[in-house]
Amino acid sequence: MPTLKIDGIEVEVEGGATVLQACEAAGVEIPRFCFHERLSISGNCRMCLVEMEKAPKLIASCAMPAGEGMIIHTNSDKVKRGREGVLEFTLMNHPLDCPVCDQGGECDLQDQYIAYSGDDARYEDERRIVAKEDFGPLIKTVMTRCIHCTRCVRFADEIAGVPALGGIGRGDHMEITTYQEQPFASELSGNVVDLCPVGALTNKPYAFSARPWELKSTETIDVHDAMGSSIRADARGREVMRFLPRVHEDVNEEWISDKTRQAVDGLKYNRLDQPYIRRDGKMQPASWEEAFEAISAKLKGVKGDKIAGIVGDLCDLESMYAFKGLLNDLGSSALECRQDGAKYGGRHRAGYLFNTGISGIDEADACLLVGTNPRKEAAVLNIRLRYLAKRGVIASVGAVENLTYPAVHLGDTVRALEDLLAGKGKFAKSLKAAKKPMIILGAGAVSHPDGAAVLKLAHDIADKYGMISKDWNGFNVLHHAASRVGAMDLGLVSDKGMDGILDGAEKGDINIVFNLGVDEIDLSRLEKAFVIYQGSHGDEGVKYADVILPGVAYTEKPGTYINMEGRVQKAQRVIFGPGEAREDWTILRALSEKLGSRLPYDTIAQLREKMQADYPHFANIDQLPNEDWPESFGVAGKTSDAPITNLIDDFYQTNPIARSSKVMAECRQAYEGAKFEAEAMVTNG
Amino acid sequence: MNISVRNAEAFEFTPENLKWAAGQLAKYPASRKQSAVMPLLTKAQEQNNGWISVPVMEYIADMLEMPYIRVQEVVTFYTMYRQKPVGKHVIEVCTTTPCWLRGSDDVVAACKDELGIGFGETTADGEFTLLEVECAGACVNAPVIAYKEEYYEDLDNDSTRKFIRAIKNGDIIAPGPQTTDRHKSAPQGGPTTLKEFCATPGGDS
């Protein structure tokens, strides 16, 4: 633990810390471009120069390990002149096009130039110009502005695991580019825009649409996957302009996936902005009164067991709670949230949570992935798995896909799990030897026809290989739906599952189906039933609906979400919904009154109070639960040879918002196209 | 993830080069085989008619389990890896200050005149490529031309023409000083100092 003196302030830092970190510990701000806490040290921008006594010249504080007894000056004249010199050199080849640069107003170079520069630049010769690079549909490049900090290159290598970027050429001719003009095909590519300290890499879909000082920022929670990433939504007027990540060390650190960031235009298109009723086979606009009238007329005299309710992937707790209240009052108990046909039940919370916790992955040293490609199901979580792969061993059961790290493939059927339980194979030994092993079941595993047996096997594997101890629970279910854990907690599960309800509707056992945002399954099976669809987008769900009630999207309502770990998080309203659309719980509350069984709350505060009385753990905001490990869950049984597959095929098209987004459609085309082209060329070559 | 853009002719080491490459790889630990990237690229360039094509880069990258972009970075960093096809005879003229002071302009003029091409160009028949290079490290014999891993030194306009015509005729002139009778970089007309220590005047001591 070295002790240093920084501008006369004595600080003690941990061994291995750098001088820059020591300066920060002393409360001294050090300007920097290339240094970033989560990337490796590169030390090329020289902006962090400080004076160290007994050193002949200024030192780059980001790359200098803190040593015992160092005496550092950060505000001496020498340091000041050093910084001025560095900035003058940096500005030599940097164009002064701030008025037409999207980074303007939130640019590190701009800010630091104002804070640390000397006089005007003296350079008068020709400046370097770099031809346009193409990084794909999400990143706009103006590489003439690049100052070669290589943050993006290090991000691609170290965090995204897609080493597509590099600096080619040298000296004055160095350019940051992708390999042979291929797009940067990573589902995390958008983060390089946040990392870029200048305007070389900017957000392409957002280009020239707003200045940072025009935006109103709201801190909220993402729903595109079950991570519950912390995000900041920037809105101007009644439009959300962009999403940026917020730091949450235990969830998303400071990264978000491209879907989280760029599906923002999906909030504009395909929106349901007024109620519709199917008349003479056609959907026709209606008023709220007419829509409610149509529902109440249809419900008259219908018994509760003929009514079912299904819940989609993007719902907030409040609307699901109101949904449950309404349907229970109507006498229905056929409520279901497991669109994908997952076989976990609602009895044991530990049986459907990501018990290890997302940051718990950092402690693990062995991991078994079953039926999942975390890259597509929880892209940001995959970063931590990549680091795990460097420390320990990862094996997979199911389809083989590029995970960005090596994984031992154990097989693609349930048999591989049975063998593992029997202790067969080399991986069984590694698992046995591991101190903190973990297993991750993806949607492909739990929704497999033998999903119940998979759960049982996973439970027993967890027991056998010491994944469960007092302070460690290595059993995890990786969800991809933001609403799922909340819906499971609310008990929106029926014995026969989603298939039971669809079968019932086909056979005529179920006549009325309330659909709260379910768009990902084959809804044509509901054709015979009277379907009330409530959601925000005109996607799959509306095709077979008889009444459409326009709800709002996640940015347009205050809501509570529970992520895959069981962490309860509150999202905020950023803007108001379009047209006649209303916050979902208020629609259900109004409808309940019409149907004669008024839900007992009038404000969201009352609803939350009631909900937290029923489910006390919903009040534990942002806490990681610690659930008891049950004796058993799942059902042991004979298993088939049906292969375990991954459920998400296209990362960019997983929910109604993403499917409505033109940017996501472009991504799908660009990246699929790039892969296809590459393969075709290999065979030709 | 490596997205290949291989579209030109495929590349593969000849069996003897492959054996040679294995020898290079043996110099480094298995987990650090990327260290062999530069010698392997040099050998591949030699085999691939003097330049490194995209298939060459991808072949080497695959062999060393490196991302393609990392190999491209190396290839573009060093000027001696050529990224465009070159002629059979590559003539590299040094024009850095010492050579320039000693008359490299005459040498350049002779080359351009004899070959009818400028720097960075290749003759229409694909025989000659003329390149301008930075300091060849032989300033003591300036001006200098590098050709086929040999240096032709102490050049002037006439001797450069003679040198090029010889190549055209299929003869190879002996490398070394061309206009002087000195041995390598020894002083013209024999030693000027330490004479008494010379075993044989003008010869190797």
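This report describes selected features of chains A and B in a predicted model.

**Chain B: overall make-up**

Chain B contains 7 helices and 6 strands. Read from the N terminus, its elements follow the order α-α-α-α-β-α-α-β-β-β-β-α-β. Along the principal axes, the C-alpha atoms of chain B occupy a box of roughly 65 × 45 × 30 Å. The chain has 205 residues, of which 30% count as buried. Among its contacts with a separation of 6 or more, 56% join residues 24 or more positions apart.

**Chain B: a helix pair and a cis peptide bond**

Helix α6 (residues 104-115) and helix α7 (residues 157-168) of chain B pack at an angle of about 35°, and their axes are 8 Å apart. The crossing of α6(B) and α7(B) is right-handed. On the α6(B) side, the contact is made by Asp106(B), Val107(B), Ala109(B), Ala110(B), Cys111(B), Glu114(B) and Leu115(B). Their counterparts in α7(B) are Asn157(B), Thr160(B), Arg161(B), Ile164(B) and Arg165(B). By class, the residues of this contact comprise 6 nonpolar, 2 polar and 4 charged.

In the loop between β3 (128-133) and β4 (145-147) of chain B lies Pro143(B). The peptide bond leading from Ala142(B) to Pro143(B) is cis, with omega near -10°.

**Chain A: an open sheet and its helix**

In chain A, 5 strands form an open sheet of mixed pairing, in the order β2-β1-β5-β3-β4. The edges are occupied by β2 (9-12) and β4 (59-60) of chain A; each has a single partner strand, so one side of each lacks a neighbour in the sheet. Strand β3 (residues 49-52) of chain A pairs with β4(A) in the antiparallel sense over 2 bridges, and Val50(A) stands opposite Ile59(A) in β4(A). Helix α2 (residues 77-92) of chain A packs on the sheet, where it touches β3 and β5 (71-73) of chain A. The direction of this helix makes about 155° with that of β3(A).

**Chain A: helix α8 and Cys152**

Helix α8 (residues 317-329) of chain A has 13 residues; at 1.5 Å a residue it should span 18 Å, and its end C-alpha atoms are indeed 18 Å apart. Because 11 of its 13 residues are buried, α8(A) is largely enclosed by the rest of the structure. The buried residues include Glu318(A) and Lys324(A) as well as Leu317(A), Met320(A) and Phe323(A). Just after α8(A), Gly331(A) adopts a positive phi of about 90°.

Cys152(A) belongs to helix α4 (residues 151-160) of chain A. It counts as buried because it has 27 C-beta neighbours inside 10 Å. Leaving aside residues up to four places away in sequence, Cys152(A) touches Leu165(A), Ile176(A), Val192(A), Leu195(A), Cys196(A) and Leu201(A). Between Cys152(A) and Asp495(A) there are 49 Å, C-alpha to C-alpha, and 343 residues in sequence.

**Chain A: positive phi outside glycine**

Most residues other than glycine have a negative phi. Two loop residues with positive values are set out below.

| Residue | Phi | Loop in chain A | C-beta neighbours inside 10 Å | Class |
|---|---|---|---|---|
| Phe208(A) | near 55° | β9 (201-203) to β10 (216-221) | 10 neighbours | exposed |
| Thr404(A) | about 75° | β18 (393-397) to β19 (408-411) | 21 neighbours | buried |

Thus Phe208(A) is exposed, with 10 C-beta neighbours, whereas Thr404(A) is buried, with 21.

Terms used: Residues numbered from 1 in each chain as written. Chains lettered and ligands numbered in written order. Predicted model: local features only at pLDDT ≥ 70, side-chain atom pairs only at ≥ 80, totals over all residues. Helix = DSSP H or I, 4+ residues; strand = E, 2+ residues; numbered from the N terminus. Expected span 1.5 Å × (residues − 1). Buried ≥ 20, exposed ≤ 12 C-beta atoms within 10 Å, placed from the backbone. Axes fitted to C-alpha atoms, helices over the stretch in contact; angles between N-to-C directions. Left-handed = near helix turned anticlockwise from the far one by under 90°. Contact = placed C-beta atoms within 7 Å. Nonpolar A, V, L, I, M, F, W, Y, C, P; charged D, E, K, R; others polar. Pairing = 2+ DSSP bridges.
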